[in-house]
Amino acid sequence: MTTELLEIEPGELRFVFELKKQSSCLVQLGNKADQYIAFKVKTTSPKKYCVRPNIGIIKPEETCDFTVTMQAQRTAPPDMQCKDKFLIQSTVVPFGATEDDITSDMFAKDSGKYIEEKKLKVVLISPPSSPVLLPVNGDMKQDPSNEITVQKDRVPSGVENIPPPLRVSAEVKGLEPAQDMREDRTDEAIVPRHVENVGDTKPAKDDEQLNLTKDSEELESRLSIMDSKLREAEVTIMKLKEERRINTQEKDLLKKELVGGVEEENQYERSSGWLSTTVCLHGCSYQCGSWILYSSVREKTACVG
């Protein structure tokens, strides 16, 4: 079979290499045949990479993606050259096959089936923020443009390659102040803009602060009013309770005095032989321990007379 089964994009695995950081690469497989295709991914460094998924079934005219993740590395390879490789095997499987039907025997070369194999190499890329490395005499050297920038920001230390102050040429003396003046002008141009922006935002902040202050003052006044009302209510409740207690005591005392007076009167009448003539407002008289109508008392008094 000369027909190509799979189309692989991209043709190589490119990883952004950073020490102690993982990096991933996405690979897309396209089925160019009119049959079901099973694939399997292998690598020369299985402990260094993680492939998900490493096997699968691709239907006709469809695609399937898998992700290769390079584990975090503690050391960089020499000259950023990686010798790791990946092998993608593919073969035709019966119509309707699933991933559960895939076995290792499907990709065995001695099975008599056509096994398509494609190799992908690994390419390591430096992160965009890192300095550009250029090979010079077999050694990795930094790009001169970046090196100049670093040297401008670096403060010189020691006396290495520093000429005496008296030997500095007049041209150099003239250039240094010009550079400082440009920097000062840029600063002068930036500062007023910044001040104007801050000035525009100050009124809004002041208004918000005033509103917050007013709201807090209103809340405090309301709380103080509520506290005073609560205190007045508590004082009123305490007064009412005290008055109720005093009234109860007076009532109990009157009851005791009334009962005691009645008993003394009854004892006196019994000792003297007279009947009690205690009369209430309803026309009743209390005699001999019981209340009777006052009319009946008058009749009995008349009979005795």
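**A tour from the core to the sheet**

Begin by selecting Leu13, Phe15, Leu29, Phe66 and Phe86: in this predicted model, they are the residues with the most contacts inside the largest nonpolar core, which has 27 residues. Now colour the strands that feed this core. At least two residues come from each of E1 (6-9), E2 (13-16), E3 (23-31), E4 (36-43), E5 (49-52), E7 (63-70), E8 (85-93) and E9 (116-125). Pause on E7, which gives the most, with 4 residues.

Next, centre the view on Leu29. Setting aside neighbours within four places in sequence, which residues is Leu29 in contact with? Show Leu6, Glu7 and Ile8, then Phe39 and Ile58, and finally Glu62, Thr63, Cys64, Phe66 and Ile88: Leu29 is in contact with each of these.

Before leaving the cores, select Tyr36, Ala38, Ala97 and Ile102. They are among the 8 residues of another core, which lies apart from the one you have just visited.

Now switch to a cartoon view and follow the sheet. Its 4 strands run in the order E1-E3-E7-E5, forming an open sheet with antiparallel pairing. Look at E1 and E5: each has a single partner strand, so they stand at the edges and one side of each is left without a neighbour in the sheet. On average, neighbouring strands here are turned by 20° against each other, ignoring direction.

For the last stop, zoom in on E3 and E7. This antiparallel pair is joined by 8 bridges. To pick out one bridge pair, select Ser23 together with Met70, its bridge partner in E7.

Definitions and conventions. Residues are numbered from 1 along each chain as its sequence is written. This is a predicted model: local features need pLDDT of at least 70, side-chain atom pairs count only at pLDDT 80 or more; totals for chains, interfaces and linings use all residues. Side-chain values use heavy atoms; hydrogens and water are left out. A nonpolar core is a set of buried Ala, Val, Leu, Ile, Met, Phe, Trp, Tyr and Cys residues joined through side-chain atoms within 4.5 Å. Buried means under 20% relative accessible area, exposed over 50%, partly exposed in between (1.4 Å probe, protein chains only). Contact means heavy atoms within 4.5 Å. Two strands pair if DSSP finds at least two bridges between them. Axes are lines fitted to C-alpha atoms, for helices over the stretch in contact, and angles run from 0 to 180 degrees between N-to-C directions.
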